[in-house]
Amino acid sequence: MAEKADVVETVKQGYAFDGAALELGALLVDGTPKPEAAVRIPLGMMNRHGLVAGATGTGKTKTLQLMAEQLSAAGVAVFAADVKGDLSGISQPGAGGDKLLARTKAIGQDWTATGFPTEFYALGGQGTGIPIRATITSFGPVLLSKVLGLNDVQESSLGLIFHYADKAGLTLLDLKDLRAVIQHLTSDEGKADLKDLGGLSAATAGVILRALIGFADQGAEAFFGEPEFDTADLLQQRDGKGVISLLELPNLQDRPALFSTFLMWLLADLFHDLPEVGDVDKPKLVFFFDEAHLLFNDASKAFLDSIAQTVRLIRSKGVGVFFVTQTPKDVPDAVLAQLGSRVQHQLRAHTPNDAKALKATVSTFPSSSYDLGEVLTQLGIGEAIVTVMNESGAPTPVAWTRLRAPQSLMAPASAEQLTATVQASPNNAKYSETVDRESAYEILAAKVQAGAEQAAAEEQAKPEPESRPRAQKPEKTMVEQVIGSTAFKQFARTAGREIVRGLFGAARRK
């Protein structure tokens, strides 16, 4: 009994913070919750990042929902990828019930059904939410190389293409712009433009163009263009509550690299635009990166280094990042080392790989009185092993915790509710209609056409050859002269390719 009393007192003191905090739940001892030993995260430490991990079906999404609600109530904006659609219910008050109220009473939670201000987004408008788009230029060669699966040499060549486009004033808004620039640089006219920069091999250009075709086949055309999403719109408040922005991710399994990399673009854009604020009482935004393993799969060292640097430095911009995944080993060591808070749900050990992951997970926790190798396989749904960073920056005691219940709806919102919320949002009018302005594709097409017209005019202006009495050939008509010119043939080939692409569903922007 004395040992159990010691555990309760240790957790009680270890999680007693002076400032505001997010309430996660209550210590669990022999299956009995101890409300007096509350487990919490200091609000001021939420920009020191964290990890929510656990096997499928163990309650990670509900933990994310619980944390998002309390951040919103504290005036902190939240962004989360809604992979399964379950989080949309956060906009609606929850449904009570005797079982729920009995659970919340046992852990000392004063539960009240509450909905929270929410914005719904969808990549490129492929879904119910407000469209989020990015331009190819802002996305950049590093993130795009990750999505396309390019190797180091191909990534370097893609960087050269972006460099040329910037210097030549060729704005890259969408995939068609990028294809046009690559085709130009491999043409007879364009090869000279890269001569001083090392050039672009036809083989590498072919690999990139083929990758872009596959990328477009996945529906990526809709994700790039204008109006480009302004990440400042993620930092909103309504009636003192932080707005929760949810990004719908339909068909995640079909294009996982695109979705995860797009989320990384959002984070990198925030890092670029936000001012330095240092240590603050509460963050401006907390970013939940669900299915985080997709971001790191098959990533180059340069890409992983960029992620680690972004995570390390964005804290001083007032942004916290929580990675949500199945095991800590899904996250590279350089990133994992920067995560101050840990909420670890149940892990399973049915296979040798599971056992290896379990062992690796145990090694990442501070020392404690628990046999974590055993405890982590025994956790119930809605329970987790927790350790966070206290207000002094030190880890709190490891605590077996029964988590609180979200106060919003723990199920998807109805289609009617989603549609009404989207239609009422001022951001819908801002982003719903695509904008088509002149960019690289149009500039290069006009250049080819102008070249063809000039060549035709020069051909027409040439003096006619002197007539000869014998074997006189009939003069070419003006139409024949124009058609016979090299410039016109090149223009005709380009136009022909555009007609073919139009027939197969990649027509010009309107």
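This passage describes the surroundings of strand S10 and some backbone features of loop residues in a predicted model.

Strand S10, which spans residues 285-290, has six of its six residues buried, so the strand is largely enclosed by the rest of the structure. The burial extends to both faces of S10, with Leu285, Phe287 and Phe289 covered on one side, and Val286, Phe288 and Asp290 covered on the other. S10 pairs in the parallel sense with strand S4 (residues 77-82) over four bridges, and within this pairing Leu285 of S10 is the bridge partner of Ala77. S10 also runs parallel to strand S11 (residues 319-325), to which it is joined by six bridges, and here Val286 stands opposite Gly320 of S11.

The loop between S10 and helix H9 (293-296) contains Glu291, a residue other than glycine whose phi is nevertheless positive, near 50°. Glu291 has a relative accessibility of 24% and therefore counts as partly exposed, whereas Asp290 in S10 is buried.

A positive phi, of about 55°, is also found at Asp30, although this residue is not a glycine. Asp30 lies in the loop between strand S1 (21-29) and strand S2 (32-42), and because its relative accessibility is 59%, above the 50% cut-off, Asp30 counts as exposed.

A further backbone feature concerns the peptide bond from Glu226 to Pro227, which is cis, with omega near 0°; Pro227 is located in the loop that lies between helix H7 (202-217) and strand S7 (237-238).

Key. Residues are numbered from 1 along each chain as its sequence is written. This is a predicted model: local features need pLDDT of at least 70, side-chain atom pairs count only at pLDDT 80 or more; totals for chains, interfaces and linings use all residues. Side-chain values use heavy atoms; hydrogens and water are left out. Buried means under 20% relative accessible area, exposed over 50%, partly exposed in between (1.4 Å probe, protein chains only). Helices (H or I, at least four residues) and strands (E, at least two) are DSSP runs, numbered from the N terminus. Two strands pair if DSSP finds at least two bridges between them.
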